[in-house]
Amino acid sequence: MAKSLATLLVEDGPGLSTDLAEQLVSQYGLSEAAARKQISRGCVGMKRLAHLVFNKGSRFIYLEKDYRSPWFWEKLIEALLKTNSAYSIAFAAIRERGAIPVRYFPIACGAPVKQLKHLSPDTILSNMKKAGVLEEKEIPGMGACIVLSKDASLQSFLDEAPRWRARLQTERIVLNAVRDWARNLGFASYDKIEIRDEKEKLPMVGTYFWDMAGPSFLAPLMTAGNANKPKPGFLICDVLLNVEISNHGIRPFVNKYATLTSLRKLGKCLYIILAESYVPEAFFFAKQRGLVPATIKSLFGSEVANGLKQLTDVLIDVGRGSVDPEKFNSLFEKIDKFEGAVSNIRGSLFEFLVAEAVRRNGNHVHMNFEIKNETGDKVEIDVIGVKDNIEIRFIECKGYNPKAQIDDEEIDKWIEKRIPIARRYALKTPGWKNATLVFELWATGKLSKNAQLKIAQASAQTKKYSIKLLGPEDILDRFLQLNDTKLTYVVSQHFLAPEVTSPKTVLL
């Protein structure tokens with residue numbers, strides 16, 4: 001009888017033990033008990049995927065010769081997507097995105113942090129990594145990320161990195177904009193709406209982490225508390241841009257909602273998921289459960305939606321080393337509508353412009369280069385310019401609004417942490433250790449006198465390397481030297497004050 005199980009695995013490929021048992025009953029006439037016993041005993045070359053247990057104790061079974069083959073991945077993905085286990089929901093979240101920063105995995109995976117009879121995000125991630133389904137990879141500009149093992153070794157994996165980075169940057173703008181919208185309408189307490197990235201701890205309601213969350217005293221969400229004191233509800237929002245959310249992609253969000261409804265002590269919640277678009281089935285799946293499947297267009301209008309789409313396209317282009325000054329200029333005219341929400345992306349765009357200027361001066365350029373020291377401390381260098389391994393330039397970019405003040409704390413971090421760690425790294429890197437090291441701060445905003453003094457003192461105290469401050473006038477001169485009026489116009493219009501640019505009139 002064992003031959004029938006082997007035949008199934010050879011002819012039909014890997015599968016869940018419950019499915020294989022049903023096939024043994026239907027195709028070979030075994031009783032259910034006999035089928036289960038045969039699978040328990042196994043056959044020559046049969047393996048069970050370690051660490052992952054599906055619904056009703058089902059295991060994924062395969063022949064050792066098929067491990068990690070295209071057939072193996074096809075069948076495993078099919079098994080993951082057809083079940084409703086915690087692993088399948090987490091898998092769907094990663095498959096929808098391509099890559100998830102480790103920090104955001106607890107938000108995206110659809111699992112509660114601590115809840116009886118539920119696997120936590122840490123347990124899910126650990127088991128899926130041990131099973132070889134997921135891997136942790138360093139992606140430039142994103143840091144440590146969770147990806148599907150089947151894709152991790154492909155060149156197309158890194159080719160997608162600019163698109164993933166662009167998505168995260170656009171989502172950051174959108175979350176700020178949604179928070180402003182919620183504040184202006186009074187949907188949640190003004191100063192208590194939290195979004196991811198702002199604090200060490202992620203926004204949390206109930207037993208789940210969210211991209212955005214805040215307490216709400218709207219009448220439909222409030223309930224009676226102790227001593228007649230009203231108990232607030234919560235406004236909750238998750239965001240996923242640059243993809244059309246699929247039937248499987250909506251599941252992590254819906255699972256979070258469904259589980260929270262079982263918590264009796266939790267206040268009422270208004271659940272919003274914000275996306276670019278949805279397949280019809282996913283849209284109605286969320287609507288039928290009383291959730292709000294919103295889009296950028298439905299929330300902010302067509303003009304803003306088009307502006308964000310253009311922003312994403314530009315970020316993808318610059319992430320692949322293509323800088324079009326005209327697209328940049330047009331983009332700024334659109335994203336300025338987001339007012340304060342654009343501050344973070346302004347800095348990112350400035351980094352790309354600086355990288356382009358450094359590249360045109362004959363340097364090989366690295367962007368968002370992460371360095372870790374012996375004790376595990378990490379720093380990210382915005383731009384590194386390498387010229388024939390003779391000179392290495394480590395550039396810190398502060399692309400602020402020209403009227404904005406750069407915090408002294410940022411200067412302290414640059415001098416006391418980023419420069420020492422980067423220097424030690426360079427001295428241990430073959431080809432770099434004998435090069436001239438230059439550390440530059442490109443700052444379009446204002447520096448306090450104290451910050452300027454610290455930089456001057458640090459520069460005077462160094463002999464083995466250089467520390468330089470490039471203010472607005474210096475930055476303008478660097479771009480003027482490129483003889484590219486369009487590129488210089490973008491910098492002068494959107495990063496430099498008129499009193500800096502007017503003496504050296506820059507025209508398109």
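**Helix α4**

I began with the burial of helix α4 in this predicted model. I listed F72, W73, K75, L76, I77, A79, L80 and L81 as its buried residues. I then asked what covers the buried residues of α4. The cover includes two strands, β1 (15-16) and β3 (60-63), and the helices α5 (86-97), α8 (149-152) and α11 (251-260).

I also checked the length of α4, which runs over residues 70-82. Its 13 residues, at 1.5 Å a residue, should span 18 Å, and I found the end C-alpha atoms 18 Å apart, so the expected and modelled spans agree. I noted the general rule as well: an α-helix has 3.6 residues a turn, so residues three or four places apart point the same way.

**Helix α10 and R179**

I next looked up R179, which is placed in helix α10 (residues 161-185). Is R179 buried or exposed? I recorded R179 as buried, because its relative accessibility is 8%, and the cut-off for burial is under 20%. Setting aside neighbours within four places in sequence, I found R179 in contact with I193, I195, E198 and M212.

**The sheet β4-β6-β5**

I turned to an open sheet of three strands, whose order is β4-β6-β5 and whose pairing is antiparallel. Which strands stand at the edges? They are β4 (100-101) and β5 (134-139); each has a single partner strand, so one side of each is left without a neighbour in the sheet. I counted six bridges between β5 and strand β6 (residues 143-148), which run antiparallel. Within this sheet I noted E136 opposite I146 in β6.

**The loop between β17 and β18**

I examined the loop that lies between β17 (378-387) and β18 (391-398), where D388 is placed. The phi angle of D388 is near 55°, a positive value in a residue other than glycine. N389 is found in the loop between β17 and β18 too, and I read its phi as near 55°, again positive in a residue other than glycine.

I then compared the cover of these residues against the cut-offs. D388 counts as exposed because its relative accessibility is 64%, where exposed means over 50%. N389 counts as partly exposed, at 37% relative accessibility.

**P230**

I located P230 in strand β12 (residues 230-231). At 41% relative accessibility, I classed P230 as partly exposed. Which residues does P230 touch, not counting residues up to four places away in sequence? I found F217, M222, T223 and G225. I also took the separation of P230 from C269, which is 39 residues apart from P230 along the chain: their C-alpha atoms are separated by 15 Å.

**The protein as a whole**

I closed with totals. The protein holds 21 helices and 20 strands. Its C-alpha atoms fill a box of roughly 90 × 65 × 40 Å along the principal axes. Of its 508 residues, 52% count as buried. For contacts between residues at least 6 apart in sequence, I noted that 62% join residues at least 24 apart.

The accessible surface comes to about 24300 Å², and 50% of this surface belongs to carbon and sulfur atoms. For charge, I entered 71 positive and 59 negative charges, with their mean positions 6 Å apart.

How values were computed
Residues are numbered from 1 along each chain as its sequence is written. This is a predicted model: local features need pLDDT of at least 70, side-chain atom pairs count only at pLDDT 80 or more; totals for chains, interfaces and linings use all residues. Side-chain values use heavy atoms; hydrogens and water are left out. Helices (H or I, at least four residues) and strands (E, at least two) are DSSP runs, numbered from the N terminus. Buried means under 20% relative accessible area, exposed over 50%, partly exposed in between (1.4 Å probe, protein chains only). Contact means heavy atoms within 4.5 Å. Accessible areas come from the Shrake-Rupley method with a 1.4 Å probe; for residues, only the protein chains shown count as cover. Lys and Arg count as positive and Asp and Glu as negative; His and the chain ends are not counted. The place of a charge is taken as NZ of Lys, CZ of Arg, CG of Asp or CD of Glu. The expected span of a helix is 1.5 Å times one less than its number of residues. Two strands pair if DSSP finds at least two bridges between them.
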